[in-house]
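Student: I should like to look closely at one part of this protein and understand how it is built. Please show me the structure first.

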Amino acid sequence: VITLPQIPRHTRYEIVTVDGLRGVRAEADGSYANVVHPLRADVSTTPVLRWSWRVDRFPEASDLTRKAGDDVAAKVCVLFDLPLDRLGLIDRLKIELGRRLFRLDLPAATVCYLWERTLAPGTWLPNVYTDRVRMLVLRSAAIGEQGRWFDERRDLRADFTRAFGDEAAAGVPPISAIAFASDADNTGSSVLAYFGDMLLAPE
């Protein structure tokens, strides 16, 4: 579980069983924290990510286009080990500085899948803090699907290419971690979500 020192309240994660499915319960109350699972995976052999998730409560007044509203009920992120030499000078310097400041192996490219409050499914957008994180809305509160489990399947090669087209020309880099999170620190509201099994698989 990765937290930030400037955010004192941390999202709570625990393993539970809901509707007969075992998973991780994520409850955020004006809080923030990510669950990150480091790994090394070759997208050419396991290009598909599958998982299940459920959202019961969404953050109030969230707006992913503003820092003050940058909260999301549920997100699943794939961190790619993109070589820094594929980046422009400015992006490369930002990543190197971030790694020094936070003492973390910050990824140079991340794709996040969101279950969002207002944006329509199929919407792509950059993270408001860094365009090295590109986000795709898969589900929306507006459709009224909360309180039920859903299974997802994504082609990581296609999504990386869509998110980082120029940098994908030399091939899709390996995966360095899978992460998931619920957060509500910016809006000071509360969130309740569940994450089921996550699997990297061949086509």
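Student: Which element gives the largest share of the lining of the second largest pocket, and how many residues come from there?

Tutor: The largest share comes from S11, with 4 residues. The model is predicted, so local features need pLDDT of at least 70 and side-chain atom pairs pLDDT 80 or more, while totals for chains, interfaces and linings use all residues. Residues are numbered from 1 along each chain as its sequence is written, and side-chain values use heavy atoms, leaving out hydrogens and water.

The second largest pocket (an open set of points on a 1 Å grid over the protein atoms alone, with protein on both sides within 12 Å along at least five of seven lines; lining residues have an atom within 4 Å of a point) holds about 160 Å³ of space. Its lining consists of Ile15, Arg22, Gly23, Val24, Phe180, Phe195, Gly196, Asp197 and Met198. Strand S2 (21–29) and strand S11 (190–201) each contribute at least two of these residues; strands are DSSP runs of E, at least two residues long, and helices runs of H or I, at least four. By class, 5 lining residues are nonpolar, 2 polar and 2 charged, with Gly counted as polar.

The largest pocket offers a comparison. About 1500 Å³ of space lies there, and 50 residues line this pocket, with Tyr32, Asn34, Leu106, Pro107 and Val133 nearest its centre. Elements giving two or more residues to that lining include helix H1 (89–102), and H1 supplies the largest share, 8 residues. The lining of the largest pocket divides into 30 nonpolar, 8 polar and 12 charged residues.

Methods
1 Å grid on protein atoms, 1.4 Å probe; cavity = no way out; pocket = protein on both sides within 12 Å on 5 of 7 lines; lining within 4 Å. Points joined across faces, edges and corners; volume = space filled by probe spheres on them.
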